[in-house]
Structure formats: structure tokens, C-alpha cells
Amino acid sequence: MLELFWIEGINSMKKYDVDSEFQMQSKLSVPFNKKAFSLADFLLSYNSHELESDDNIDIITENIIVDDCDVPLYIYTPKKFDTDKVLLYIHGGAFAYKGYFKHYRICRRYAIEGRCKVVYVEYRLLPKYPFPSAVNDCFSAYKWIIDNSEKLGIDKNKIIVGGDSAGGCLSCDVVINCHKENVLLPRLLLLLYPTLDKRMNTKSMIEYDDAPIWDPKSSIKMWDMYLGDKEYISPNEVEDISFYPTTYVETAEFDCLRDEGIEFAKRLELSGVDVTLNETKGTIHGFDIRACETTENAIKERLKMINSIED
């Protein structure tokens, strides 16, 4: 989908030593404005076929009510084996864009190759629904999994939470809310090139000021629209993070968000949390939209973490 219409600033962009596998994506930039949201919403409406069941996966939709709004959950269940673990997946998209075919397809892989059920939450989006709508939706989805564990056929002690980009931030918010409200913590957390710090003061934010796909200017607009004048402590600002479960953090080399992930992983380690940091090389934000060796290696590392929790 990115290749269709998000090509900006190609001539003025700095030269980054991006791997040849991602050269096409490296010429793209995702705009952050209402016109782009509307166009993306229209184009993504053609993704619905990706949520159809097939010979390997059964996909059903369950709606939960949050703040008097319907929030869809897409539940992936493998057909050829039984499993009692589940992944709550929270897609990226700057709190504003819907998930797209990459997210739906990769959830099939997580379900089949990770031998788990997957609950994909279609949380409410900007600009209509600023903070804390998305957080409320994702935390409600997590609690729904716990409350319906018997119906889902899963073990409440084998819940994984994960997400990419803004979905990584929301995944952390789920963990933080669990800690605050004394709700059972997930067993594992997966953070894929996550946005974790509204302060945006890392070295990569300064160095990669016009990074491919996503840059600091877009991050500023995103946080401003998402938070407005509301108070919010972003995950990397939380002082005590020793309560976090085992965590996998994956970063992209030429991504302005890179150092947020690295710093967070280091803070987790210093806090005594079992953490794995995978610093992918030659990559850009959202690199896994491209099917290639680097993406495949990253997905295998994610699956290794998922499979570390036995059925």
C-alpha cells in the first residue's frame, strides 16, 4: 500500500546506507495529516479478504464495547493443532492508520508457526479518537482475553502482548495498566521498532531527521494530535519498569525511533527484566512490509520468542 501514494521529498532526503532489499521503501515517506488518513482508510477497505478463514486458520470477529463504542477483535485459531497460548497483537500506524495486509498476513504466521491463537484488536484511531481511546481499547481487549480464557481455550498464564511502532507503545501501556490495576501480567512482550518516548530526544531522532518512511517531524505531529493537552507518561519515561515481563525488542537501523527501543531494552536489563534486543541492520521503519531475507530472519526471531512459551 505504501508504494501507491506516499512518495515525498525523494530529492532532498539524505543518503542512508539502507540495504538493497529496502531501496524502494527508502524513497517513501508517510505523511501525517487528515487527508492521508482518509485516503488510507479508503484503500485499506479493500483488505477485508485478508481476514477470511482458510484451510489453516479460522478467523472470527468478536466485538467488545469500550466507552460505548464497538471495538472489533479478529480471532485467529489454527485448525490443524490445539494450543493454549494466545498473542494479543496491536498494529502500528501512528495511532491514526488502520492495520493493513502486512499485519493480517503476519498474524497468520504467528498463529501457525508460533503455535498460538491470535487476537488482533482494531482499536479506535486518530483524529476522531485521541488518547486515551486506543489505550482503553487495547487494555479492554487484554482483559477480555483473561475473562474469556475458558471460552478461548487458553491458559491465562500464556498470554503474549505485542505490536509494531505505535502498537509497541500501546503494548507497553497494556503492561503498565496491568501493573497499576493489579491485573495478571502477560507472559511475554514483543516490541517491534516501537515508539516509546514522547520527549523525542534521542540521538537517532536528531541524526535521522528525514529518515525513510517515518521522521521526527511526523512524530511531533503524531504526539501533538494524539495527546493534545492531556497528561501522559510514555513508556520510556516510567521510572520503575522492573515489573515488566520477559521482553523482546526489535529495532531498525535507519529509523528515528531506533534509540528509543535500544534505551528501553537497556533499562529493562538494568531493572532485572529478561530482555532480548535484536538490532536489525540496513533496515528502515516498517521494513517487514518487504518479503526478503532480512525480514524473514527477523520474523524467525519473533517466532523463537513466541515458541519459547510451550503449549
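This report walks through the core, one helix, the salt bridges and some backbone oddities of the structure above.

The model is predicted, so local features need pLDDT of at least 70 and side-chain atom pairs count only at pLDDT 80 or more, while totals for chains, interfaces and linings use all residues. Residues are numbered from 1 along each chain as its sequence is written, and side-chain values use heavy atoms, with hydrogens and water left out.

## The core and helix α4

Let's start inside. A nonpolar core here is a set of buried Ala, Val, Leu, Ile, Met, Phe, Trp, Tyr and Cys residues joined through side-chain atoms within 4.5 Å. "Buried" means under 20% relative accessible area, "exposed" means over 50%, and "partly exposed" is in between (1.4 Å probe, protein chains only). The largest nonpolar core has 107 residues, and Y76, Y226 and Y244 have the most contacts inside it. Helix α4 (residues 133-147) gives the most to this core, with 9 residues. As for the labels, helices (H or I, at least four residues) and strands (E, at least two) are DSSP runs, numbered from the N terminus.

What does Y244 touch beyond its neighbours within four places in sequence? Taking contact as heavy atoms within 4.5 Å, Y244 meets C172, V175, I176, L189, P235, F264, L268 and V273.

Back to α4. This helix has 15 residues and reaches 21 Å from its first C-alpha to its last, close to the 21 Å expected at 1.5 Å a residue. That expected span is 1.5 Å times one less than the number of residues. Is α4 mostly covered or mostly uncovered? It is mostly covered, with 11 of its 15 residues buried. Among them are D137, F139, Y142 and W144.

I145 is another residue of helix α4. I145 counts as buried because its relative accessibility is 0%. Leaving out residues up to four places away in sequence, I145 touches V86, L88, V119, L152, I154 and I159. R187 is 42 residues from I145 along the chain, and their C-alpha atoms are separated by 13 Å.

## Helix α2 and a surface patch

Now for the outside. L39, F42 and Y46 form a nonpolar patch on the surface, with about 340 Å² of accessible area together. Patches are made of residues with over 30% relative accessible area and no salt bridge; like charges are joined within 9 Å, and nonpolar side chains (Val, Leu, Ile, Met, Phe, Trp, Tyr) within 5 Å. The areas come from the Shrake-Rupley method with a 1.4 Å probe, and for residues only the protein chains shown count as cover.

F42 sits in helix α2 (residues 34-44). L44 has its place in α2 too, but L44 counts as buried because its relative accessibility is 7%. L44 and G99 are 55 residues apart in sequence and 7.9 Å apart in space, C-alpha to C-alpha.

## Salt bridges

A salt bridge is a side-chain nitrogen of Lys or Arg within 4 Å of a carboxyl oxygen of Asp or Glu. By this rule the count comes to 19. Here are three of them.

| Pair | Closest N to O |
|---|---|
| E62 and K151 | 3.5 Å |
| D84 and K158 | 3.2 Å |
| R258 and D259 | 2.9 Å |

Take E62 and K151, which form a salt bridge. E62 lies in strand β1 (residues 57-66) and K151 in helix α5 (residues 149-152), so the pair ties together parts that are 89 residues apart in sequence. E62 is partly exposed at 22% relative accessibility, whereas K151 is exposed at 58%.

D84 and K158 form a salt bridge as well. D84 lies in the loop between β2 (69-78) and β3 (86-90) and K158 in the loop between α5 and β5 (159-164), so the pair ties together parts that are 74 residues apart in sequence. D84 is partly exposed, at 23%, while K158 counts as buried at 13%.

R258 and D259 are both buried. Elsewhere, salt bridges that share partners join K102, D164, E250, D288 and R302 into one network.

## Backbone oddities

Where are the cis peptide bonds mentioned here? One runs from L126 to P127, with omega near 0°, and another joins F131 and P132, with omega about 10°. P127 is in the loop between β4 (117-121) and α4, and P132 lies in the loop between β4 and α4.

R115 has a positive phi, near 50°, though it is a residue other than glycine. R115 lies in the loop between α3 (101-113) and β4, and is partly exposed at 34%. I213 is not a glycine either, and its phi is positive at about 70°. I213 is found in the loop between α7 (203-207) and α8 (216-227), and is buried at 6%.
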